[in-house]
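Student: Please take a close look at a single part of this model, the site around the ligand, and work towards it from the framework that carries its residues. A connected account would be the most useful form.

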Amino acid sequence: MPDASNRHDISFKLFLDALLAGDRPACSSIAWAYLDSGEPIISLYEHIITRSLYEVGRLWEFNRISVATEHMATAIAEAIMNELYPRVVQTTHIGRAMVAACVESEEHQVGIKMVADIFEMRGWDAYFLGANIPTGELMSFIRTRRPSLVALSLAIYFNVPLLAHMVAALRSAFPEISVLVGGQAFSHGPDVILRALGEVKHLPNLYSIEEYITHEWRE
Ligand code: B12
């Protein structure tokens, strides 16, 4: 039996190859086999899907794959996540809601979908709004759902002012709601961005979100 780190590596390589070949059935089988070996969804998300998409991005950046292949790979990754939904959904709801969205102009929605799933697996009602949500729309939605927390994702550093605008609007209208931020825009050192945002919590990955839920939102 391979140990955990070998299992991650083997499944990652198989999954990436299948993704680049456009072989959705193979991606599905690899994902289910990985989960059936005892790995949790959070590991599948971090070690297999996220890692594969980062590699897809690297290959695209160096012109080793086409934009079409990158789009196809992302679409398959999203399809696999939807397929796993029966393992995400909980029968027990703890009575807390969260809203997960991409900042205005931000098209990268896979990471924030994972974030919503982590909350859902912990019994939260998670409302995933997807890519490029206008600030006004987000505010109206929050007014109707009254979540305890809003999670915002930003990949493109250039759009930090849009995130700052969104956070300021949230903080002023709903000071009681916690705001969580993350995404690749923060990967070159979050401090400068966080200084511009005020009272928000930044977390780098899904494992840190699990810890955060356990420690900050104890039932
Ligand atoms: C797929 C993809 C796209 C798709 C997205 C479609 C979709 N359905 O999401 C499309 C084609 C739209 C796209 C467009 C662009 N993209 Co693009 N894209 C990617 C790619 C290949 C994968 C993205 C992805 O899903 N990654 C996997 C997810 C799971 O990772 P993640 O978002 O980082 O999320 C993790 C953490 O950050 C965290 N997290 C994320 N959000 C949050 C939120 C909270 C609250 C918390 C706590 C944590 C958290 O949790 C996740 C798990 O750890 C990346 C490569 C890469 N390195 O990611 C490039 C990449 C992000 N794209 C890039 C670029 C440049 C672009 C474009 C500007 C290209 C262009 N010239 O048009 C546009 C910008 C569009 C826009 N305005 O947003 C660059 C960004 C470089 C940079 N840092 O500025 C990358 C890194 C590619 C590269 N190597 O150069 N892209």
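**From the sheet to the ligand shell**

Tutor: Helix H7, residues 135-145, lies across strands E1, E2 and E3, the last of these covering 149-153, and H7 runs at about 170° to E1. The model under discussion is a predicted one.

The three strands crossed by H7 belong to an open sheet of five strands, whose order is E2-E1-E3-E4-E5 and whose pairing is parallel. Strand E2 (125-130) and strand E5 (201-202) form the edges, each pairing on one side only. At the E2 edge, the partner is strand E1 (residues 97-102), and the two are joined in the parallel sense over five bridges. Within this pair, Ala100 has Phe128 of E2 as its bridge partner.

The sheet leads directly to the ligand. Among the elements that give two or more residues to the shell around the ligand are two strands, E3 and E4 (178-182), and the helices in this group are H3, H4 (67-83), H6 (110-121) and H10 (206-216). The shell has 37 residues, and those that come nearest are Gly57, Val110, Gly111, Ser153 and Gly182. These can be placed on the elements just named. Ser153 is in E3, and Gly182 is in E4. Val110 and Gly111 belong to H6, while Gly57 lies in H3. By class, 18 residues of the shell are nonpolar, 13 are polar and six are charged.

Two of the contributing helices, H6 and H10, also pack on each other. Their axes come within 10 Å and cross at roughly 35°, and the crossing is right-handed. On the H6 side the contact is formed by Met114, Val115, Ile118 and Phe119, which meet Leu206, Ile209, Glu210 and Ile213 of H10. The residues of this contact comprise seven nonpolar, no polar and one charged.

The element that gives the most to the shell is H3, with nine residues, and its packing deserves equal attention. Helix H2 (residues 24-36) packs against H3 (residues 41-61) at an angle of about 130°, with the axes 9 Å apart. The two helices are therefore oblique to each other. H2 passes H3 in a right-handed crossing. Ala31, Tyr34 and Leu35 of H2 make the contact with Ile41, Leu44 and Ile48 of H3. This contact has six nonpolar residues, with no polar and no charged ones.

H2 in turn packs on helix H1 (residues 4-21): the axes of H1 and H2 come within 8 Å and cross at roughly 160°. That angle makes H1 roughly antiparallel to H2. The crossing of H1 and H2 is left-handed. From H1, the residues in contact are Ser11, Leu14, Phe15, Ala18 and Leu19, and from H2 they are Ala26, Cys27, Ile30 and Tyr34. The classes here are eight nonpolar, one polar and no charged residues. Tyr34 thus appears in the contact of H2 with H1 and in that of H2 with H3.

Read outward from the ligand, then, the path runs from the nine shell residues of H3, through the oblique packing of H2 and H3, to the roughly antiparallel pair of H1 and H2.

Conventions
Residues are numbered from 1 along each chain as its sequence is written. This is a predicted model: local features need pLDDT of at least 70, side-chain atom pairs count only at pLDDT 80 or more; totals for chains, interfaces and linings use all residues. Axes are lines fitted to C-alpha atoms, for helices over the stretch in contact, and angles run from 0 to 180 degrees between N-to-C directions. Helices (H or I, at least four residues) and strands (E, at least two) are DSSP runs, numbered from the N terminus. Angles under 35 degrees count as roughly parallel, over 145 as roughly antiparallel, 65 to 115 as roughly perpendicular and the rest as oblique. A crossing is left-handed if the near helix is turned anticlockwise from the far one by less than a right angle, and right-handed if clockwise. Two residues are in contact if their C-beta atoms, placed from the backbone, lie within 7 Å. Ala, Val, Leu, Ile, Met, Phe, Trp, Tyr, Cys and Pro count as nonpolar, Asp, Glu, Lys and Arg as charged, and the others, Gly among them, as polar. Two strands pair if DSSP finds at least two bridges between them. A residue is near a molecule or strand if its C-beta atom, placed from the backbone, lies within 6 Å of it.
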